[in-house]
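Here's a friendly walk through one protein model. Take a look at the sequence and the 3D view before reading on.

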Amino acid sequence: MAHFATIDNSTNKVINVEVVNNAVITDSNGDEQEQLGIDFLEQIHGGGGVTYKQTSYNESIRKNFAQIGGTYDATKDAFIGIKPFNSWVLNNTTCKWEAPSAYPTDGKPYTWDESTTSWKEIPDPGS
């Protein structure tokens with residue numbers, strides 16, 4: 001199955017992600033064509049101020065799988081998820097949000113503490 005994001009043209013926000021059968025996007029030569037999926041969705045829903053772009057769970061298309069509420073950056077041809085915390089910054093290569101400090105590598109579980117902008121160890125409930 002192929003996945004397509006519906007993007008609001010005025011905000012570049014992803015407002016929906018739909019599944020389209022692979023048979024719809026496969027041409028007479030057996031090759032998948034994104035435009036066939038776009039044509040199909042426009043025929044069903046119309047254009048109406050939106051754009052359709054193919055997205056992929058394995059992130060092989062447009063860097064990341066489209067997330068409802070996330071955005072599409074046409075310059076980078078990439079989907080960017082919702083920013084999880086104000087202090088996080090966008091990695092322009094991967095188009096993923098990253099904490100301002102690296103996740104600890106000591107094998108313990110951590111959660112992000114935005115008030116201190118640092119990783120906070122999650123206590124072991126059995127301790």
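What follows covers a central strand, the nonpolar cores and the salt bridges.

Keep in mind that this is a predicted model.

**The strand β1**

Let's start with β1, which spans residues 2–8. Of its 7 residues, 6 are buried, so the rest of the structure largely encloses this strand. It has partners, too. β1 pairs with β2 (residues 14–20) in the antiparallel sense, over 6 bridges. Those two strands make a hairpin with 5 residues between them, and Asn-12 in the turn has a positive phi of about 65°. β1 also runs antiparallel to β3 (residues 50–55), joined to it by 6 bridges.

Thr-6 is a handy spot to see both pairings: it stands opposite Asn-16 in β2, and opposite Tyr-52 in β3.

**The nonpolar cores**

Which residues make up the largest nonpolar core? There are 8 of them: Ala-2, Phe-4, Val-20, Ile-25, Ile-38, Leu-41, Val-50 and Tyr-52. Two or more residues of this core come from each of β1, α2 (34–45) and β3. A second core, separate from that one, has 6 residues, including Ala-5, Ile-7, Val-14 and Ala-66. As a general point, nonpolar side chains in soluble globular proteins tend to be buried together.

Zoom in on Ala-2 and skip its neighbours within four places in sequence: Ala-2 is then in contact with Glu-18, Val-19, Val-20, Asn-22, Ile-25 and Gln-54.

**The salt bridges**

How many salt bridges does a search of the whole structure find? It turns up 5, among them these:

| Pair | Closest N to O |
|---|---|
| Lys-96 and Glu-59 | 3.0 Å |
| Asp-77 and Arg-62 | 2.7 Å |
| Lys-76 and Asp-73 | 3.6 Å |

The Lys-96 and Glu-59 pair links distant parts of the chain, 37 residues apart: Lys-96 sits in β7 (residues 96–98), and Glu-59 in the loop between β3 and β4 (71–73). Lys-96 is partly exposed at 34% relative accessible area, and Glu-59 is partly exposed at 35%.

Now for Asp-77 and Arg-62. Asp-77 is in the loop between β4 and β5 (78–80) and Arg-62 in the loop between β3 and β4, so their pairing ties together parts 15 residues apart in sequence. Is each one buried or exposed? Asp-77 counts as partly exposed, at 34% relative accessibility, whereas Arg-62 is buried at 12%. Both belong to a salt-bridge network that also takes in Glu-34.

As for Lys-76, its relative accessible area is 30%, so this residue is partly exposed.

Terms used. Residues numbered from 1 in each chain as written. Predicted model: local features only at pLDDT ≥ 70, side-chain atom pairs only at ≥ 80, totals over all residues. Heavy atoms only, no water. Buried < 20%, exposed > 50% of the residue type's maximum accessible area, 1.4 Å probe, protein only. Helix = DSSP H or I, 4+ residues; strand = E, 2+ residues; numbered from the N terminus. Pairing = 2+ DSSP bridges. Core = buried A, V, L, I, M, F, W, Y, C linked by side-chain atoms within 4.5 Å. Contact = heavy atoms within 4.5 Å. Salt bridge = Lys/Arg side-chain N within 4 Å of Asp/Glu carboxyl O.
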